[in-house]
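Biologist: I'd like to learn how to read a structure like this one. Could you walk me through a few features?

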Amino acid sequence: MSHPHPELGPPPKLPKGGLRVTPLGGLGEIGRNMTVFEYDGRLLIVDCGVLFPEEEQPGIDLILPDFSSIRDRLDDIEGIVLTHGHEDHIGAVPYLLREKPDIPLIGSKLTLALIEAKLQEHRIRPYTLEVKEGERESLGPFDCEFIAVNHSIPDALAVAIRTGAGLVVATGDFKMDQLPLDKRLTDLHAFARLSEEGIDLLLSDSTNAEVPGFVPPEREISTVLRNVFANAHHRIIVASFASHVHRIQQILDAAHEYGRRVAFVGRSMVRNMGIARDLGYLRVPAGLVVDVKTLDDLPPEEVVLVCTGSQGEPMAALSRMANRDHQIRIVPGDTVILASSLIPGNENAVYRVINGLTRWGANVVHKGNAKVHVSGHASAGELLYFYNICKPRNLMPVHGEWRHLRANAELGAMTGVPKDRIVIAEDGVVVDLVDGKARISGKVQAGYVYVDGLSVGDVTESSLKDRRILGDEGIISVYVVVDSTTGKVVSGPNIQARGSGIDDAAFGPVVTKIEEAIARAAADGVAEPHQIQQLIRRTMGKWVSDSYRRRPMILPVVVEV
């Protein structure tokens, strides 16, 4: 198996007749999926998603792929193929279209409806091309065929890309549920037909490659939900992804059966479910869904709330309910269902929400104590089955952390893919398909681009480090006025601490140390403000470390008179 080397340099010019594959996100992480294909001087992008921040990224709203490697080639882009409507596959589209609004978007009806609603908030009117499974479209030199795959959102597609370099298949996210609620199966016949043609490179979903066996059918959740509804005697609150139409459908069916009314809470949930209902993907019996404002007029045993926040997101509705920061107050007897998976990295946040809800008396039903979720990604048994159908000549695991990518590579090797034709890459690693063989040829920049409010890319790793220090250790500011000629102290030092756990009255000993250090520096002819600031920072830092074993941020301010 070939794998990236940390010292890879920029890739050479693509050989004539070769296909270049550059993942800008989604490899080594769950989210931020984006892959750039290059052939004959033209580019095709498959997916353009976001990654959600973790606890060590305070203040960050979203994390985008790094567009720097294609920024000077935006005119070469034939289009962006969107495999499905989850945020980790479409969420970064508005930020790329800000740079060139007329890049065509290609996807299924529901996927395009979801991205168009999102783009409306960004005041962008995109050019879109709706496609269905079984259709083919020529996008410049890329002949794209779209294949139905089953996932945790309707209308998901895989894409087969034909160029002079060969046939490449990108699965997107998929599983092989044999009893899907919408009766839309993963089209194994189409994959078998492509296998007969010869799949030169397969990019395959790796998320569940470590999980043995097969994913249970989505419909098995219905029995568990009905049991929860039958035994709940107060309000029911369900947290789910705002795009999980199949899961919401089962909630609606259970609510209808047990005589409850449903209200959607949260802007994204209201928007997405409205789109799904209008397009016919969500069946809503008349009178079942009501406005959240009318719930006070209903007895608690007739109420179901469907909201966001299943991943412990701090600003989502469920987290705010757990923190008593929402108009909907949790009361003893409420039942809360977390009907989603646990994305790696979110465990602490989710359990914090569960504990908060339990504290206020809620009965919390989650994946750990009831079967209220099944995955949308193929497990190892399904992947083995899939590889035996596809028989790819080269395999590139995508969509997963390192452990998932390696597990997926092993599955491919078990089914007969030669190990020297299995490429384990990471974000930014360039893979060239030349003369029928996939090889790593270099690396481009593919770091994190942080969105913080209206700021995109302005927050750096250094900024986040400062935020973590502020959050963990607090800040100490030191204000000193010095004579501009002699460098001697005229006023101060005045010291204030915030969040450091050190009382302002405790700084007496270090004031003397700072005065002495500045006096020695003045005697040596040091009068430049920046040098004095550095001196204050070192003196204060050593005193705090020796006295308290802490490392707060120290902010010296030197004013000359």
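Biologist: Let's start with helix 10 (residues 380–390). Is it largely enclosed by the rest of the structure or largely open, and why?

Modeller: Keep in mind that this is a predicted model. For a helix, look at how many of its residues are buried, meaning under 20% relative accessible area. Here eight of the eleven residues are buried, so helix 10 is largely enclosed by the rest of the structure.

Biologist: Which residues of helix 10 are the buried ones?

Modeller: You'll find Ala380, Gly381, Glu382 and Leu383 at the start of the list, then Phe386, Tyr387, Ile389 and Cys390.

Biologist: And what do those buried residues pack against?

Modeller: Their neighbours are helix 4 (188–197), strand 12 (201–205), strand 18 (395–398) and helix 11 (402–414). Have a look just past the end of helix 10 as well: Lys391 has a positive phi there, about 45°.

Biologist: Cys390 caught my eye. How many disulfides are there?

Modeller: Zero. The thing to check is the distance between sulfur atoms, which has to be within 2.5 Å. For Cys390, the closest cysteine sulfur belongs to Cys144 and sits 17 Å away, too far for a bond. Cys390 is buried as well, at 0% relative accessibility. Cys307 is another buried cysteine, with a relative accessible area of 0%.

Biologist: Now charges. How many salt bridges does a search of the whole structure find?

Modeller: It finds 28. To read one, ask how far apart the charged atoms are, then where the two partners sit along the chain. Take Arg42 and Asp76, whose side chains meet at 3.5 Å, N to O. Arg42 is in strand 3 (residues 42–46) and Asp76 is in the loop between strand 4 (62–64) and strand 5 (77–81), so the pair ties together parts 34 residues apart in sequence.

Biologist: Are Arg42 and Asp76 buried or exposed?

Modeller: In between: Arg42 counts as partly exposed at 24% relative accessibility, and Asp76 counts as partly exposed at 22%.

Biologist: What does Asp75 form a salt bridge with?

Modeller: With Lys100, at 3.8 Å between the closest N and O atoms. That pair links the loop between strand 4 and strand 5, where Asp75 sits, to the loop between helix 2 (93–97) and strand 6 (105–107), where Lys100 sits, 25 residues apart. Asp75 is exposed at 60% relative accessibility, whereas Lys100 is buried at 17%.

Biologist: Which residue does Glu121 bridge to?

Modeller: Arg271, with the closest N and O atoms 2.8 Å apart. Glu121 belongs to helix 3 (residues 109–121) and Arg271 to helix 7 (residues 267–278), so to speak a link across 150 residues. Shared partners also matter: Glu38, Arg42, Arg73, Asp76 and Glu78 are joined into one network that way.

Biologist: Last topic, sheets. How do strands of a sheet pair?

Modeller: Through backbone hydrogen bonds, either parallel or antiparallel. One open sheet here has three strands in the order 24-23-25, with mixed pairing. Strand 24 (489–498) and strand 25 (553–560) are its edges, each pairing on one side only. Strand 23 (residues 475–482) runs antiparallel to strand 24 over seven bridges, and Val481 stands opposite Ser491 in strand 24.

Biologist: Which strands does helix 14 (residues 529–548) touch?

Modeller: Helix 14 packs on the sheet and touches strand 23, strand 24 and strand 25, its direction making about 145° with that of strand 25. Helix 13 (residues 508–523) lies across strand 23 and strand 24, at about 140° to strand 24.

How values were computed
Residues numbered from 1 in each chain as written. Predicted model: local features only at pLDDT ≥ 70, side-chain atom pairs only at ≥ 80, totals over all residues. Heavy atoms only, no water. Buried < 20%, exposed > 50% of the residue type's maximum accessible area, 1.4 Å probe, protein only. Helix = DSSP H or I, 4+ residues; strand = E, 2+ residues; numbered from the N terminus. Contact = heavy atoms within 4.5 Å. Salt bridge = Lys/Arg side-chain N within 4 Å of Asp/Glu carboxyl O. Pairing = 2+ DSSP bridges. Axes fitted to C-alpha atoms, helices over the stretch in contact; angles between N-to-C directions.
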